[in-house]
Amino acid sequence: MLDLRDLAPFTDYFVIMSGNSSRQIEALEGDITEAMKKAGVRRFHREGTPASGWILLDFSDIIVHIFGPEEREYFQLERLWFQAPQVVRVL
């Protein structure tokens with residue numbers, strides 16, 4: 001999770017995660033969407049598909065990126081937003 005509050009006007013945090021297959025990406029999307037809905041957090045936008053290896057879930061203050069391994073390596077969001085402090089990193 002990257003803290004973008006001092007760097008970007010469009011969101012506070014990026015959550016960047018990986019799934020090893022389209023099925024796992026789809027399951028992560030479902031679990032996150034359901035948990036946020038239960039917490040009363042509205043999803044404003046969704047992009048991508050599990051088959052494409054990338055899904056973006058926009059909850060306004062939090063944007064979740066779910067990547068397949070190749071797509072995560074290609075986009076390298078952590079490198080692009082290197083100035084953002086890491087709030088948490090789970091390996």
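Here is a short walk through this structure, from its sheet to its helix, its rings and its pocket. Please keep in mind that the model is predicted.

Let's begin with the sheet. Five strands form an open sheet, and their order across it is β1-β2-β5-β4-β3, with mixed pairing. Two of these strands, β1 (residues 2-3) and β3 (residues 45-49), stand at the edges; each has a single partner strand, so one side of each is left without a neighbour in the sheet. Strands of a sheet pair through backbone hydrogen bonds, and they may do so in a parallel or an antiparallel way.

We can now cross the sheet pair by pair, starting at the β1 edge. Here β1 and β2 run antiparallel and are joined by two bridges. To find this spot, look for Asp3, which stands opposite Tyr13 in β2. Next comes the pairing of β2 with β5, which run parallel and are joined by six bridges. A handy landmark here is Ser18, which stands opposite Phe67 in β5. At the other edge, β3 runs antiparallel to strand β4 (residues 54-58), with five bridges between them. In β4, Ile55 has Gly48 standing opposite.

With the sheet in view, turn to helix α1, which spans residues 22-38 and lies across β2, β3, β4 and β5. Relative to β5 (residues 62-67), helix α1 runs at about 160°.

Now for the aromatic side chains, where the structure holds six pairs. One of them is formed by Phe14 and Trp81: the ring centres are 5.6 Å apart and the planes stand at 80°, which is over the 60 degrees needed, so this pair counts as edge-to-face. What does this pair tie together? Phe14 lies in strand β2, while Trp81 lies in the segment after α3 (residues 77-80), so the pair links parts that are 67 residues apart in sequence.

Strand β2 also leads us to the last stop, the largest pocket, because five residues of its lining come from this strand (residues 13-18), which gives the most. The space in this pocket is about 300 Å³. Its lining is made up of 14 residues, and the closest to the centre are Met1, Ile16, Arg72, Arg89 and Val90. By character, the lining residues divide into nine nonpolar, two polar and three charged.

Looking back, strand β2 makes a good guide: it pairs with β1, it pairs with β5, it holds Phe14, and it gives five residues to the lining of the largest pocket.

Technical notes. Residues are numbered from 1 along each chain as its sequence is written. This is a predicted model: local features need pLDDT of at least 70, side-chain atom pairs count only at pLDDT 80 or more; totals for chains, interfaces and linings use all residues. Side-chain values use heavy atoms; hydrogens and water are left out. On a 1 Å grid over the protein atoms alone, a cavity is a set of points where a 1.4 Å probe fits but cannot get out, and a pocket is an open set with protein on both sides within 12 Å along at least five of seven lines; lining residues have an atom within 4 Å of a point. Grid points are joined across faces, edges and corners, and a volume is the space filled by probe spheres set on the points. Helices (H or I, at least four residues) and strands (E, at least two) are DSSP runs, numbered from the N terminus. Ala, Val, Leu, Ile, Met, Phe, Trp, Tyr, Cys and Pro count as nonpolar, Asp, Glu, Lys and Arg as charged, and the others, Gly among them, as polar. Two strands pair if DSSP finds at least two bridges between them. Contact means heavy atoms within 4.5 Å. Axes are lines fitted to C-alpha atoms, for helices over the stretch in contact, and angles run from 0 to 180 degrees between N-to-C directions. Rings of Phe, Tyr and Trp (its six-membered ring) pair if their centres lie within 6.5 Å; planes under 30 degrees apart count as stacked, over 60 as edge-to-face and the rest as tilted.
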